[in-house]
Amino acid sequence: MSRHEVPVAGRRVVLLGGGPAAAAEATALLAAGAHVTVVAPEVVASVADLADRGLLVWHGREAHPDDLDADVVLRLPSAPATDRVAGRAQRVGTVTLVGAGPGDPGLLTIAGRDALLAADVVVTDRLVPQATLRDLRAGVEVVDVAKVPGGRSTPQETINALLVEHARAGRDVVRLKGGDSFVFGRGGEELVACAKAGVPTRVVPGVTSSVAGPALAGIPVTHRGLTQGFTVVSGHVPPDHPDCTVDYAALARTGTTIVVLMGVRTLGPITDALVAAGLPASTPAAIVADAGLPSQRAVRGSVATIAGLADETGIRPPAVTVIGEVADVEGLP
């Protein structure tokens, strides 16, 4: 039986199991007005905290639901060995790397939302859908580690240290990032840092803006008869920069759709390099800004004109650029 199948306000709900699922379920049930009892010999810290604050009852020994006079009984996964509180003993917390998707809070996955509901600490970026932070449990610590282009920026080493520090203090941490953590999100570095520190870590993939941004503007990154693939590159440095590892000459010959992330400032040098390498100047191109937000807009042109059009129309990050025939498929908006 699920809490979504019956009204729970004012009803006595028993959760069998004390793992992360219990934390998320209990939080939602309490918000819906249920009286919650958790039956489990061991629970995650978030459930123990709810019990300590008198928001739910935790029976630490096996009990039959009939003995608890329950209206609704939900059987949930028990707490994993790396994420347990037994009699409230201190334990190492967890870190969950959550990709929040682009802009629209509705594009956050269910798994990502559940992780947020169970979190003790949320370490967040500026590009996450901010509405997703409204449903956090009372008392959850939110740490802003935004990287602002040309402005305030938190070093990655500091972010890594924060994740490890909070987890070692017994807290369940969510690292919330826009898009997908593993697509130019430096999630891999955070995963390695936690592994080296012995912190249990889980990854919840997100909807990547490299595909979703164009899609929200009606642009498919692949289309039958036009292209059989797409290539995603970072444009945070121009082609002639010593840190640039992209072979733009080879990219121009791939015959795939080219998707550029973090490339508003460097779009002119990037498109010049592609044209110089042989990509026809008439190749359709589009840039989508603020994908998934009410302020979303798209500008269309060609690979030779898109940088100038973006500048003329005041396009600012975050934005995704799409170069290829898909940017001008007949019938698309």
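Two strands are said to pair if DSSP finds at least two bridges between them, and that criterion gives a way into this predicted model, beginning at strand S8. Strand S6 (residues 121-124) is joined to S8 by 4 bridges, with the two running parallel, and within this pairing Val122 stands opposite Val174 of S8. Strand S5 (residues 95-99) also pairs with S8 in the parallel sense, here over 5 bridges, and Gly99 has Lys177 of S8 as its bridge partner.

How enclosed is S8 by the rest of the structure? Of the 5 residues of the strand, residues 173-177, 5 are buried, so S8 is largely enclosed by what surrounds it. In a regular strand the side chains alternate between the two faces of the sheet. Here both faces of S8 are covered, since Val173, Arg175 and Lys177 on one side are buried, as are Val174 and Leu176 on the other.

Beyond S8 the chain reaches a loop and then helix H5. Arg186 lies in the loop between S8 and H5, where it is partly exposed, because its relative accessible area of 39% falls between the limits of 20% for buried and 50% for exposed. Most residues other than glycine have a negative phi, and most peptide bonds are trans. Arg186, although not a glycine, has a positive phi of about 65°.

Helix H5 itself (residues 187-196) has Gly187, Glu190, Ala193 and Cys194 as its buried residues. Because they cover an arc of only 120° around the axis, they are on the same side of H5, and the face turned away from that buried side carries the exposed residues Ala195 and Lys196. The buried residues of H5 pack against S5, helix H4 (156-168), S8 and strand S9 (201-204), which brings the description back to the strands introduced above. After H5 comes Gly198, whose phi is positive, near 75°. Cys194 is buried, with a relative accessible area of 1%, and Cys244 likewise counts as buried, at 17%; the count of disulfides in the model comes to 0.

Further along the chain is the largest nonpolar core, which has 22 residues, and Leu274, Ile287, Ile315 and Ile323 are those with the most contacts inside it. At least two residues of this core come from each of helix H7 (248-252), strand S11 (257-261), helix H8 (267-276), strand S12 (284-289), helix H9 (306-312) and strand S14 (319-323). Ile315, once its neighbours within four places in sequence are left aside, is in contact with Val264, Ile287, Ala289, Arg297, Val299 and Ala310. A second, separate core of 20 residues includes Val13, Ala40, Val43 and Leu50. In soluble globular proteins, nonpolar side chains tend to be buried together.

Two loops deserve attention for their backbone geometry. Asp290, in the loop between S12 and strand S13 (297-302), has a positive phi of about 55° although it is not a glycine. Pro318 is found in the loop between H9 and S14, and the peptide bond that leads to it from Pro317 is cis, with omega near 5°.

Finally, there is the question of confidence. The mean pLDDT of the protein is 86, and 86% of its residues reach 70 or more. Over residues 78-89, however, pLDDT stays under 50, although the model has 33 contacts beyond four places in sequence for this segment. Where pLDDT is low, the predicted coordinates should not be read in detail.

Methods
Residues are numbered from 1 along each chain as its sequence is written. This is a predicted model: local features need pLDDT of at least 70, side-chain atom pairs count only at pLDDT 80 or more; totals for chains, interfaces and linings use all residues. Side-chain values use heavy atoms; hydrogens and water are left out. A nonpolar core is a set of buried Ala, Val, Leu, Ile, Met, Phe, Trp, Tyr and Cys residues joined through side-chain atoms within 4.5 Å. Buried means under 20% relative accessible area, exposed over 50%, partly exposed in between (1.4 Å probe, protein chains only). Contact means heavy atoms within 4.5 Å. A disulfide is a pair of cysteine sulfur atoms within 2.5 Å. The arc is that of the directions from the helix axis to the C-beta atoms. pLDDT is the predictor's confidence in each residue, from 0 to 100.
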